Structures are given as structure tokens and as C-alpha cells.
Amino acid sequence: MSLDPVTLAVLKGRFEQIADEMDATLFRSAFNPIIAEAHDASHGLYDASTGETLVQGKSGLPIFVGVMAFAVKAVIEKAARRGGLHEGDVWIFNDPYDGGTHLSDVRLVKPVFHEGALFCFLASVGHWHDVGGNVPGNYNPAATECFQEGVLIPPVKLYDRGVFCQDIVDILSANSRLPGSLYGDLNGQINALELGERRLGALLDEVGADTAREALAALRARAATMMRAAIAALPDGTVSAEDHLDNDGIVDEPLTIALDLTIEGDRLVMDFTRSSPACAGPVNISRATTVAATYVALKHIFTDVPANAGVLEPVEFRIDPGSILSVVAPKPVGGYTETILRLIDVVFQAVAQLAPGPAMACAYGTINALSLAGHRANGARWVMFSFFGGGHGAHGGGDGLSHGNAPISTATIPPLEILEAAYPVRFTKWALRDGSGGPGRHRGGLGAVYEIELLERQASAFLFGERARFAPRGVVGGGEGAANRFLYEEDGAERTPPMASKLTGLSLARGGSVRLETPGGGGYGDALTRDPAAVARDVRLGYVGRKAALADYGVALTADGAVDAAATTAARAVAPRG
């Protein structure tokens, strides 16, 4: 039987709606603001035999959807050694080396049966507030092994044929500083899986399992065909790009993420073998995470290709086993977000050399994971963990987004009202960072400035960031965005971290504050070709200073802010290019 296009489109929408409802269920029921407000979670449907991605929700994090295929495969392999899969089973784990990202991201995987036969898997992943380890919130920039980052859970059954295993929850709760948050998030994920199972069961009863399988196979084949066509449209050849991490938090030396990208007809080779070897600190990632991050980068560039495993069919990966991009336990991986953001950057930079049209400049390139932790007056423990926004890279169609979230996700930045209501802090500043966008024909998006004041008696602060020493790059002749800055007061003087973007155990007293100035995005194209009227508008809005308008864009302004056409023509005629 061959499905007609209308039926296929309807079934595609039905499958996606299931994943979207699972997302919404968790977002509305989680206790943890990082899930409930920032949407640091994801859901999807996965193949019954291979674990490959079938369908993903539109609201969850794409990096999770990509890596969850490896997680489901890990469950399939574990179940094969432990008596198989059964109706009512739910597996739970956070192993970052076996289909995971880092220990904070907890995965639940549920096999779904229809008329007694396994149809597919549903999976839920969410960023839990605290899973133990040396640092509250788990972003430990000084970790040298995974045991310092939190408790590691291998794939185990949370439900065995429908019977709940309370012992598993007791172990997890005993290893968290915030067991109440853990309990709420876990139950939100369980509810999301149960809802997904009901919705999928109703769909299979309606159309039949065979028709549903045919639709999923057709959607995968379509994604593979479209991806091959997109690759074939690019010129054959090899291009190279590399970028750097500030350091690993242990050794203050830069680390290289390098890509040699080759187009061979409708085939794409992603060769990362020139990247740095595994490091002592927590910016390593697993091979599964590398593949998933590349998937996200490709989806940014080839936006029309459906999001499923077919995207990667024509893509070959070359990654050294001993690389920073392919580590095994117990190498620390807690700061994986920083490394995959750099990986996405090098993909953008490489593609820009082949196809400037769809290319994007580098975004701000760090989530700036900040933890503040202490005890309230009544002795209760509090832990504020949050990530922060910055400028996105410009692109061929326009300027970069200002104060956006990282391109690894569709998550949102937690609102300050929620953070202030939940924790003893006050945001004394939350604003765009003037002049931080990279110059170009299209300007990079602006970063942000956050100032956070402590209202409790005492707290400790921890920062895990990047891009303090290697600013976000532009493409096609665009300039760099502003670099990252973290400022705090110590011994009466304003200071920055010795490791530039990473800090542990900063002691704050009531009234003390920290200031975060996040990077802007890179620019796209020659800044001297930007419309002078757009530069004048940027100056009027405070996005670009008058001096920068002349120095970077060759645009002279009158006293009232209008473009001085004659002076601008003269300035651009003598300005250096490239």
C-alpha cells in the first residue's frame, strides 16, 4: 500500500502532536524552573528495532532529540541482556556515555505495545535541578572525573511490567540537594509518557499499526532524499574551519574544535579528527553528543528537511576515539553545552565557505551556566541554577537576534520574575549590551547585561561559561561579536575569573553582586556595505555607538543623528576592507 500525500501529511501532524503534547505536559507539571519556564526538556518517538528518531516535538531541545536515539538504543541492548521488553516497563538513566549528554539530563524510555507487539519507544528527557556532585546545580567547571559532577545512573527499570520501583527513587532523592524538585520533575516525565502512550494507542486503533509504520518509514525516506538533494546542490570539495574553547577549567590553555567538511556528490563527510584530544576538565563530550550536535547544526542550515533519522543517512562522521569529542567514563562531561556550541560554530563557518546564502555567523556560544547556592534563615537549602542569553549570528537574510537563547535548543531564558520569586536574589540590571553585535552588512545580535544581587546572608557562586577569550566570529567578511565578561567584587576591587569564563566557590555576602556581560553574535558580510540608514537607526537605538558607526561601518552622522552622505562616501572610500 502506498500512502497518498494528504494522508501522509495528516499522519505526520498527528505524530508530531503526540510529541508536542508530551512536551506541554511536562512543562506544565515540572517543579524545576529550568524545565517549567526554560523548557530544558524534550520528547519524541523512536524506532522499535534501532532506536532511531522517528518524530520529535517542536518545543523541546533539538540536541536532546538527536542524542536520545543513542539512549533508546542503550535501553534496547540492556533489555536484550535482561529478559526483554514488556508492557508497562519504564527505564530511567542519565549515563552521559551511553546515549546521554551530562548527568543533569535524566531520561525515561517507555516501550509502547499495540495488540501485543512492540510498536515504538516513547522517550522523555529533562534537566533536573540537582543530582549531587561537588557543585550545587551540577555545572562544576573544576571537575576532573564524572563522580565530581553528580550521581551516574545506568539504564535501570523504574517500572517493571507496570510495578513502580520506589527504591530507585529513594536512591535518587538521597543524592540530591533538592529531592522535592526531583520528585516533581520525575512525576511530570512519567505523566508525559503515559499521555503519549494513550494518544499513540488511540491513533493506532484508528489507522492501524501497518499504516502508521508505513507513514513513519515514508517520512524518514523523504528526509533522507531531501538531505541528499540539499548536499548535492553544494559544490564538491573540502573546506576547513576551526574554533577554540577558552580552556577546560583545569589547565588554562585553549582547546581546538576542528572540522574538515567534504562534499562528494550527495554525500557529506564530517571529519573532526584534527580536534584536541580528551582533556582533564569537563568540556569533553561523548561521540553520541557530537553526532547529535552536528544534526542540530545541519537542521539550522537545511531548515526544510524533516527532523528525523533520515537527516543523517547521507552523512559520514570521522571522530578519533581519544578526542575531546568522543570520550568514555570517567572523563568529565558536565560542560558539554559549551563544546557543542563550538562544534555548531565550526559547522556554520565551514558551510559559509561553500554556500554563503544559507550560512549564519556564530552565535554567542555559551550558556553561561550560573549557580548561586546557600541556606535561608530557616536553614532550608536553596540552589538557583540558570543559563543566560546572548546575541545570535547575522545571516544572509538579516541581522542576528538580540538576547536569544543558544542555538542548541528552543529553550527560553527563565524570566527574572520567576527567578526572583523562587530565590533570594534581585536582578538590578537585565538589559541589552550596547555595541556587542559583530559588524557586517547584517549586524550580529546584541548580547545582554545581567546584574544579580544577593538578598540572603551568604551564598556561593559558580560559573561555567566560554567565549571570554575567543569572541564569536563573523562569516562572509563579517566581524566578531563582543567577548564574554563576568565581573565580581573581591577585596574592594572589581575582578574577572582567573580562568576567564569559569569560576568555583565565589563567596557572596548580603548585598554582594555579580555582573554578566554576554557575547554578541558575529556579523555577516562586509560592514562597509551596510545600509547607512540602518547604521543610523542602530545608533539611535543604542545598539551601536557613534564612534563604532564611523570606525566599523564607515558611516558619518550629523549632530542630530542623520546620515552625512558626503562624509560617509568619503569615509568608506578610504576605509580598509577585509
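The legends below describe close-up views of a predicted model.

**View 1. The largest pocket and the elements around it.**
The largest pocket holds about 450 Å³ of space. Its lining is made up of 21 residues, and Q56, G57, K58, K299 and A307 are those that lie nearest the centre. Three elements give two or more residues each to this lining: α1 (5-29), β2 (53-56) and α7 (287-301). The largest contribution, four residues, is that of α7. Sorted by class, the lining of the largest pocket has 10 nonpolar, seven polar and four charged residues.

**View 2. The second largest pocket, with α3 and α7 in its lining.**
A volume of about 340 Å³ is found for the second largest pocket. The pocket is lined by 16 residues; E52, A69, F70, A309 and L312 are the closest to its centre. Two elements, α3 (62-81) and α7, give two or more residues to the lining. Of the elements, α3 gives the most, with four residues. In the lining of the second largest pocket, seven residues are nonpolar, five are polar and four are charged. Helix α7 thus appears in this view as well as in View 1, as it also gives residues to the lining of the largest pocket.

**View 3. Strand β1 and its two pairing partners, β5 and β2.**
Strand β1 covers residues 41-47, and six of its seven residues are buried. With strand β5 (residues 117-127), β1 pairs in the antiparallel sense over seven bridges. Within this pairing, S42 of β1 stands opposite V125 in β5. The pairing of β1 with β2 is also antiparallel and has three bridges. Here L45 has V55 in β2 as its bridge partner. Five residues lie between the strands in the hairpin of β1 and β2, where G51 takes a positive phi near 80°. Strand β2 is one of the elements that line the largest pocket shown in View 1.

**View 4. The largest cavity and its lining.**
Three cavities of 30 Å³ or more are counted in the model. The largest cavity has a volume of about 130 Å³. Among the 17 residues that line this cavity, D40, T337, I367, F387 and I408 lie nearest the centre. The lining of the largest cavity comprises 10 nonpolar, five polar and two charged residues.

**View 5. The open four-stranded sheet with the order β8-β9-β10-β11.**
The pairing in this sheet is mixed. Its edge strands are β8 (237-245) and β11 (315-318), each of which pairs on one side only. On average, and with direction ignored, neighbouring strands of the sheet are turned by 15° against each other. Strand β9 (residues 255-264) pairs with strand β10 (residues 267-271) in the antiparallel sense, over five bridges. One bridge in this pair joins I263 to its partner L268 in β10.

**View 6. Helices α7 and α8 on the four-stranded sheet.**
Helix α7 packs on the sheet and touches β10 and β11. The direction of α7 makes about 140° with that of β11. Helix α8 (residues 336-354) lies across β8, β9 and β10. Relative to β8, α8 runs at about 145°. Besides packing on the sheet, α7 gives four residues to the lining of the largest pocket.

How values were computed. Residues numbered from 1 in each chain as written. Predicted model: local features only at pLDDT ≥ 70, side-chain atom pairs only at ≥ 80, totals over all residues. Heavy atoms only, no water. 1 Å grid on protein atoms, 1.4 Å probe; cavity = no way out; pocket = protein on both sides within 12 Å on 5 of 7 lines; lining within 4 Å. Points joined across faces, edges and corners; volume = space filled by probe spheres on them. Nonpolar A, V, L, I, M, F, W, Y, C, P; charged D, E, K, R; others polar. Buried < 20%, exposed > 50% of the residue type's maximum accessible area, 1.4 Å probe, protein only. Pairing = 2+ DSSP bridges. Axes fitted to C-alpha atoms, helices over the stretch in contact; angles between N-to-C directions. Contact = heavy atoms within 4.5 Å.
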